[in-house]
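Colleague: I should like to learn how such a model is read, feature by feature. Where would you have me begin?

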Amino acid sequence: MKIEKFTYSDNEWLFIRVSFAVVWACFAFPSIWSANEISVPVGISQFIPLQLFLWKPIKWLVLIFACYLLVNYCKNQKLLLSTLGLSVLSIIIFTLEESSGVFSRVSLLSTIWMAQCMAVFLYRNESTNLAKHMIHFSIQLVSVSYMLSAYSKWTSSGLHWVSDGKYIDLQILKSFYFHWTDNGSILPILQGEKMIHVMHDNQLISLLVLWFSLILETLAFCLVFSKKWAKIFGVLLLSMHIGIFVIMGGILIVPVIAPMLIFTLNPFYLLWEFILKTRNLIWKQ
(Lines give C-alpha, C1' and ligand atoms only; values in the text may rest on other atoms or scores of the structure.)
Protein backbone atom coordinates (compact mmCIF):
# COMPACT_ATOMS: atom_id res chain seq x y z
CA MET A 1 0.00 0.00 0.00
CA LYS A 2 1.56 3.28 -1.15
CA ILE A 3 0.84 5.93 1.46
CA GLU A 4 1.94 8.54 -1.12
CA LYS A 5 -1.50 8.15 -2.73
CA PHE A 6 -2.93 9.83 0.36
CA THR A 7 -1.66 13.39 0.15
CA TYR A 8 -3.33 16.15 2.17
CA SER A 9 -2.66 19.85 2.58
CA ASP A 10 -2.26 21.36 6.05
CA ASN A 11 -5.75 22.84 5.78
CA GLU A 12 -7.31 19.51 4.80
CA TRP A 13 -5.68 17.82 7.78
CA LEU A 14 -6.79 20.66 10.07
CA PHE A 15 -10.42 20.33 8.98
CA ILE A 16 -10.27 16.54 9.42
CA ARG A 17 -8.91 16.88 12.97
CA VAL A 18 -11.36 19.55 14.03
CA SER A 19 -14.33 17.80 12.43
CA PHE A 20 -13.58 14.48 14.11
CA ALA A 21 -12.88 16.15 17.47
CA VAL A 22 -16.24 17.98 17.33
CA VAL A 23 -18.16 14.83 16.32
CA TRP A 24 -16.57 12.84 19.15
CA ALA A 25 -17.30 15.58 21.68
CA CYS A 26 -20.95 15.78 20.55
CA PHE A 27 -21.38 12.11 21.48
CA ALA A 28 -18.97 11.73 24.39
CA PHE A 29 -19.79 14.83 26.46
CA PRO A 30 -23.57 14.24 26.72
CA SER A 31 -22.87 10.54 27.29
CA ILE A 32 -20.58 11.02 30.29
CA TRP A 33 -22.79 13.72 31.78
CA SER A 34 -26.01 11.67 31.55
CA ALA A 35 -24.47 8.44 32.86
CA ASN A 36 -25.96 7.68 36.27
CA GLU A 37 -25.88 3.90 36.70
CA ILE A 38 -24.20 0.69 35.60
CA SER A 39 -27.16 -1.66 35.28
CA VAL A 40 -25.84 -3.98 32.55
CA PRO A 41 -22.02 -4.14 32.85
CA VAL A 42 -20.35 -4.68 29.48
CA GLY A 43 -16.78 -4.51 28.18
CA ILE A 44 -14.18 -3.30 30.65
CA SER A 45 -16.86 -2.52 33.26
CA GLN A 46 -17.06 -6.27 33.89
CA PHE A 47 -13.47 -6.24 35.16
CA ILE A 48 -12.83 -2.63 36.25
CA PRO A 49 -15.17 -0.76 38.61
CA LEU A 50 -16.23 2.37 36.72
CA GLN A 51 -18.69 3.65 39.33
CA LEU A 52 -16.16 6.37 40.21
CA PHE A 53 -16.93 8.06 36.88
CA LEU A 54 -20.59 8.43 37.87
CA TRP A 55 -19.56 10.95 40.55
CA LYS A 56 -20.16 14.49 39.30
CA PRO A 57 -16.77 15.99 40.32
CA ILE A 58 -15.04 13.17 38.40
CA LYS A 59 -17.26 13.89 35.40
CA TRP A 60 -16.08 17.51 35.46
CA LEU A 61 -12.45 16.38 35.59
CA VAL A 62 -13.03 14.03 32.65
CA LEU A 63 -14.64 16.80 30.60
CA ILE A 64 -11.85 19.28 31.40
CA PHE A 65 -9.12 16.75 30.60
CA ALA A 66 -10.93 15.75 27.39
CA CYS A 67 -11.10 19.41 26.33
CA TYR A 68 -7.37 19.79 27.00
CA LEU A 69 -6.60 16.74 24.87
CA LEU A 70 -8.97 17.82 22.07
CA VAL A 71 -7.39 21.29 21.90
CA ASN A 72 -3.91 19.77 21.61
CA TYR A 73 -5.14 17.32 18.97
CA CYS A 74 -6.74 20.11 16.93
CA LYS A 75 -3.54 22.14 17.21
CA ASN A 76 -1.57 19.09 16.01
CA GLN A 77 0.44 19.07 19.23
CA LYS A 78 1.26 16.31 21.75
CA LEU A 79 -0.42 13.85 19.38
CA LEU A 80 0.69 10.71 21.23
CA LEU A 81 -0.65 12.00 24.54
CA SER A 82 -3.82 13.35 22.91
CA THR A 83 -4.74 10.25 20.93
CA LEU A 84 -3.81 7.87 23.76
CA GLY A 85 -5.72 9.90 26.34
CA LEU A 86 -8.76 10.26 24.10
CA SER A 87 -8.68 6.52 23.35
CA VAL A 88 -8.84 5.71 27.06
CA LEU A 89 -11.51 8.33 27.82
CA SER A 90 -13.58 7.24 24.83
CA ILE A 91 -13.55 3.60 25.94
CA ILE A 92 -14.51 4.55 29.50
CA ILE A 93 -17.26 6.98 28.48
CA PHE A 94 -18.95 4.76 25.91
CA THR A 95 -18.58 1.68 28.12
CA LEU A 96 -20.49 3.60 30.80
CA GLU A 97 -23.16 4.44 28.23
CA GLU A 98 -23.58 0.86 27.04
CA SER A 99 -23.49 -0.41 30.63
CA SER A 100 -26.55 1.72 31.34
CA GLY A 101 -28.45 -0.11 28.58
CA VAL A 102 -27.96 2.46 25.79
CA PHE A 103 -26.48 1.18 22.53
CA SER A 104 -25.61 4.06 20.18
CA ARG A 105 -23.11 2.21 17.93
CA VAL A 106 -20.26 4.53 18.88
CA SER A 107 -17.51 1.89 18.86
CA LEU A 108 -16.00 3.28 15.64
CA LEU A 109 -15.28 6.61 17.35
CA SER A 110 -13.17 4.90 20.02
CA THR A 111 -11.33 2.62 17.60
CA ILE A 112 -10.37 5.55 15.38
CA TRP A 113 -8.66 7.24 18.34
CA MET A 114 -6.86 3.96 19.01
CA ALA A 115 -5.84 3.60 15.35
CA GLN A 116 -4.49 7.14 15.23
CA CYS A 117 -2.61 6.56 18.47
CA MET A 118 -1.00 3.47 16.94
CA ALA A 119 -0.08 5.45 13.82
CA VAL A 120 1.55 8.17 15.92
CA PHE A 121 3.49 5.58 17.95
CA LEU A 122 4.70 3.66 14.88
CA TYR A 123 5.52 6.66 12.67
CA ARG A 124 6.32 9.38 15.21
CA ASN A 125 9.72 9.94 13.54
CA GLU A 126 8.16 10.53 10.10
CA SER A 127 6.99 14.10 10.60
CA THR A 128 6.19 14.63 6.92
CA ASN A 129 4.11 11.46 6.57
CA LEU A 130 2.55 11.25 10.04
CA ALA A 131 -0.73 12.88 9.01
CA LYS A 132 -1.03 10.49 6.04
CA HIS A 133 -0.61 7.49 8.31
CA MET A 134 -3.10 8.80 10.88
CA ILE A 135 -5.70 9.41 8.19
CA HIS A 136 -5.01 6.11 6.44
CA PHE A 137 -5.29 4.13 9.68
CA SER A 138 -8.64 5.85 10.30
CA ILE A 139 -9.85 5.03 6.78
CA GLN A 140 -8.89 1.40 7.37
CA LEU A 141 -11.17 1.33 10.43
CA VAL A 142 -14.03 2.88 8.44
CA SER A 143 -13.50 0.27 5.74
CA VAL A 144 -13.53 -2.57 8.27
CA SER A 145 -16.77 -1.34 9.85
CA TYR A 146 -18.62 -1.55 6.52
CA MET A 147 -17.01 -4.86 5.60
CA LEU A 148 -18.12 -6.34 8.93
CA SER A 149 -21.65 -5.23 8.10
CA ALA A 150 -21.39 -7.03 4.76
CA TYR A 151 -19.86 -10.08 6.45
CA SER A 152 -22.81 -10.35 8.85
CA LYS A 153 -25.21 -10.24 5.89
CA TRP A 154 -23.30 -12.85 3.90
CA THR A 155 -22.90 -15.25 6.84
CA SER A 156 -26.45 -14.90 8.19
CA SER A 157 -28.42 -14.82 4.92
CA GLY A 158 -26.07 -14.91 1.96
CA LEU A 159 -27.76 -14.20 -1.36
CA HIS A 160 -31.11 -14.56 0.42
CA TRP A 161 -30.46 -11.15 2.02
CA VAL A 162 -31.28 -9.63 -1.37
CA SER A 163 -33.96 -12.09 -2.50
CA ASP A 164 -35.72 -11.71 0.86
CA GLY A 165 -36.00 -8.02 0.11
CA LYS A 166 -39.63 -8.64 -0.77
CA TYR A 167 -40.20 -9.09 2.97
CA ILE A 168 -38.75 -5.69 3.82
CA ASP A 169 -42.25 -4.41 4.65
CA LEU A 170 -41.92 -5.37 8.31
CA GLN A 171 -38.61 -3.53 8.69
CA ILE A 172 -40.04 -0.42 7.05
CA LEU A 173 -43.15 -0.46 9.24
CA LYS A 174 -41.04 -1.05 12.36
CA SER A 175 -38.93 2.01 11.61
CA PHE A 176 -41.93 4.24 11.03
CA TYR A 177 -43.73 2.85 14.08
CA PHE A 178 -40.78 3.94 16.22
CA HIS A 179 -41.57 7.54 15.24
CA TRP A 180 -45.22 6.93 16.11
CA THR A 181 -44.29 5.73 19.61
CA ASP A 182 -42.09 8.83 20.06
CA ASN A 183 -44.74 11.47 19.36
CA GLY A 184 -48.08 9.64 19.12
CA SER A 185 -48.81 11.05 15.67
CA ILE A 186 -50.35 8.73 13.07
CA LEU A 187 -48.51 10.55 10.27
CA PRO A 188 -45.38 8.30 10.42
CA ILE A 189 -47.57 5.20 10.04
CA LEU A 190 -49.24 6.69 6.96
CA GLN A 191 -45.82 7.56 5.54
CA GLY A 192 -44.64 4.00 6.18
CA GLU A 193 -47.64 2.55 4.36
CA LYS A 194 -46.99 4.84 1.39
CA MET A 195 -43.35 3.75 1.30
CA ILE A 196 -44.41 0.09 1.28
CA HIS A 197 -46.65 0.74 -1.72
CA VAL A 198 -43.76 2.48 -3.49
CA MET A 199 -41.47 -0.48 -2.81
CA HIS A 200 -44.13 -2.95 -4.05
CA ASP A 201 -44.68 -0.97 -7.24
CA ASN A 202 -40.94 -0.90 -7.94
CA GLN A 203 -39.70 -4.31 -6.81
CA LEU A 204 -36.98 -4.51 -9.44
CA ILE A 205 -35.55 -1.18 -8.33
CA SER A 206 -35.80 -2.32 -4.70
CA LEU A 207 -33.76 -5.46 -5.46
CA LEU A 208 -31.16 -3.40 -7.33
CA VAL A 209 -30.86 -1.06 -4.36
CA LEU A 210 -30.31 -4.01 -2.02
CA TRP A 211 -27.68 -5.48 -4.37
CA PHE A 212 -26.01 -2.09 -4.54
CA SER A 213 -25.83 -1.88 -0.73
CA LEU A 214 -24.51 -5.41 -0.27
CA ILE A 215 -21.84 -5.13 -3.00
CA LEU A 216 -20.80 -1.65 -1.86
CA GLU A 217 -20.24 -2.76 1.73
CA THR A 218 -18.41 -5.87 0.51
CA LEU A 219 -16.05 -3.75 -1.60
CA ALA A 220 -15.46 -1.18 1.13
CA PHE A 221 -11.81 -2.30 1.28
CA CYS A 222 -11.31 -0.17 -1.86
CA LEU A 223 -11.33 2.84 0.47
CA VAL A 224 -7.73 2.13 1.42
CA PHE A 225 -6.32 2.11 -2.15
CA SER A 226 -5.96 5.87 -2.64
CA LYS A 227 -7.42 9.23 -1.76
CA LYS A 228 -9.34 9.18 -5.07
CA TRP A 229 -10.91 5.80 -4.31
CA ALA A 230 -11.76 6.96 -0.81
CA LYS A 231 -13.68 9.92 -2.26
CA ILE A 232 -15.51 7.75 -4.80
CA PHE A 233 -16.62 5.28 -2.17
CA GLY A 234 -17.42 8.12 0.21
CA VAL A 235 -19.96 9.45 -2.30
CA LEU A 236 -21.37 5.95 -2.92
CA LEU A 237 -21.68 5.18 0.80
CA LEU A 238 -23.34 8.54 1.40
CA SER A 239 -25.84 7.70 -1.36
CA MET A 240 -26.54 4.37 0.33
CA HIS A 241 -27.20 6.05 3.67
CA ILE A 242 -29.50 8.61 2.06
CA GLY A 243 -31.45 5.73 0.52
CA ILE A 244 -31.72 3.99 3.89
CA PHE A 245 -32.82 7.26 5.47
CA VAL A 246 -35.64 7.73 2.94
CA ILE A 247 -36.84 4.13 2.77
CA MET A 248 -36.51 3.22 6.44
CA GLY A 249 -38.09 6.33 7.89
CA GLY A 250 -35.16 8.43 8.99
CA ILE A 251 -32.61 5.81 10.14
CA LEU A 252 -29.17 7.42 10.38
CA ILE A 253 -26.26 5.77 12.18
CA VAL A 254 -24.42 9.05 12.71
CA PRO A 255 -21.44 7.63 14.69
CA VAL A 256 -20.59 5.58 11.59
CA ILE A 257 -21.64 8.01 8.86
CA ALA A 258 -19.84 11.05 10.30
CA PRO A 259 -16.33 9.49 10.50
CA MET A 260 -16.83 7.99 7.04
CA LEU A 261 -17.62 11.42 5.59
CA ILE A 262 -14.82 13.16 7.49
CA PHE A 263 -12.06 10.80 6.37
CA THR A 264 -13.28 10.27 2.80
CA LEU A 265 -14.90 13.52 1.65
CA ASN A 266 -13.85 16.00 4.35
CA PRO A 267 -17.11 17.97 3.78
CA PHE A 268 -16.32 21.03 5.90
CA TYR A 269 -13.05 21.54 4.03
CA LEU A 270 -14.98 21.34 0.73
CA LEU A 271 -17.47 23.87 2.07
CA TRP A 272 -14.64 26.19 3.16
CA GLU A 273 -13.04 25.90 -0.30
CA PHE A 274 -16.39 26.65 -1.94
CA ILE A 275 -16.88 29.75 0.21
CA LEU A 276 -13.38 31.03 -0.60
CA LYS A 277 -13.84 30.50 -4.35
CA THR A 278 -17.26 32.14 -4.29
CA ARG A 279 -15.91 35.11 -2.35
CA ASN A 280 -13.01 35.52 -4.80
CA LEU A 281 -15.39 35.45 -7.75
CA ILE A 282 -17.59 38.10 -6.15
CA TRP A 283 -14.59 40.34 -5.42
CA LYS A 284 -13.34 40.03 -9.01
CA GLN A 285 -16.67 41.28 -10.29
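Modeller: Let us begin with one helix and the residues it hides. This is a predicted model. In helix H4, the buried residues are Leu108, Leu109, Ser110, Ile112, Trp113, Ala115, Gln116, Cys117, Ala119 and Val120.

Colleague: How should the spacing of such a list be read?

Modeller: An α-helix has 3.6 residues a turn, so residues three or four places apart point the same way. As for the partners in this case, the buried residues of H4 pack against helices H1, H2, H3, H5 and H11.

Colleague: How many residues does H4 have, and what span does it reach?

Modeller: H4 comprises 16 residues and reaches 23 Å from its first C-alpha to its last, close to the 22 Å expected at 1.5 Å a residue.

Colleague: Among the partners of H4 is H5. At what angle do the axes of H4 and H5 cross, and with which hand?

Modeller: A crossing is described by an approach, an angle and a hand. The axes of H4 (residues 107–122) and H5 (residues 130–156) come within 8 Å and cross at roughly 145°. The crossing is right-handed.

Colleague: Which residues of H4 and H5 meet?

Modeller: On the H4 side they are Leu108, Thr111, Ile112, Ala115, Gln116, Met118, Ala119, Val120 and Leu122. From H5 come Leu130, His133, Met134, Phe137, Ser138, Leu141, Val142 and Ser145. By character, the residues of this contact divide into 12 nonpolar, five polar and no charged.

Colleague: Ser143 also lies in H5. Is Ser143 buried or exposed?

Modeller: Ser143 counts as buried because its relative accessibility is 2%, under the 20% limit. Leaving out residues up to four places away in sequence, Ser143 touches Ala220, Phe221, Leu223 and Val224.

Colleague: H11 also packs against the buried residues of H4. How many residues of H11 are buried?

Modeller: H11 is mostly covered, with 10 of its 11 residues buried. They are Pro255, Val256, Ile257, Ala258, Pro259, Met260, Leu261, Ile262, Phe263 and Thr264. The cover over these residues includes H1, H4, H5, H10 and H12.

Colleague: What follows H11, and what is the sign of its phi?

Modeller: The backbone angle is read together with the residue type. H11 is followed by Asn266, whose phi is positive, near 50°, although Asn266 is not a glycine. This residue is placed in the loop between H11 (254–264) and H12 (267–284). Asn266 counts as buried because its relative accessibility is 6%.

Colleague: Where does Asn76 lie, and what is its phi?

Modeller: Asn76 is found in the loop between H2 (56–74) and H3 (79–99). It has a positive phi of about 60° although it is not a glycine. Asn76 is partly exposed, since its relative accessible area is 35%.

Colleague: What contacts does Trp211 make, and how far apart in sequence and in space are Trp211 and Leu159?

Modeller: Separation along the chain and separation in space are to be read side by side. Trp211 and Leu159 are 52 residues apart in sequence and 9.2 Å apart in space, C-alpha to C-alpha. Trp211, which lies in H9 (residues 203–218), is in contact with Leu159 and Val162, leaving aside its neighbours within four places in sequence. Its relative accessible area of 32% makes Trp211 partly exposed.

Colleague: Finally, how many disulfides does the structure hold?

Modeller: A disulfide is a covalent bond between the sulfur atoms of two cysteines. The structure holds zero disulfides. As to cysteine accessibility, Cys26 counts as exposed at 53%, whereas Cys74 counts as buried at 19%.

Conventions:
Residues are numbered from 1 along each chain as its sequence is written. This is a predicted model: local features need pLDDT of at least 70, side-chain atom pairs count only at pLDDT 80 or more; totals for chains, interfaces and linings use all residues. Side-chain values use heavy atoms; hydrogens and water are left out. Axes are lines fitted to C-alpha atoms, for helices over the stretch in contact, and angles run from 0 to 180 degrees between N-to-C directions. Helices (H or I, at least four residues) and strands (E, at least two) are DSSP runs, numbered from the N terminus. A crossing is left-handed if the near helix is turned anticlockwise from the far one by less than a right angle, and right-handed if clockwise. Contact means heavy atoms within 4.5 Å. Ala, Val, Leu, Ile, Met, Phe, Trp, Tyr, Cys and Pro count as nonpolar, Asp, Glu, Lys and Arg as charged, and the others, Gly among them, as polar. Buried means under 20% relative accessible area, exposed over 50%, partly exposed in between (1.4 Å probe, protein chains only). A disulfide is a pair of cysteine sulfur atoms within 2.5 Å. The expected span of a helix is 1.5 Å times one less than its number of residues.
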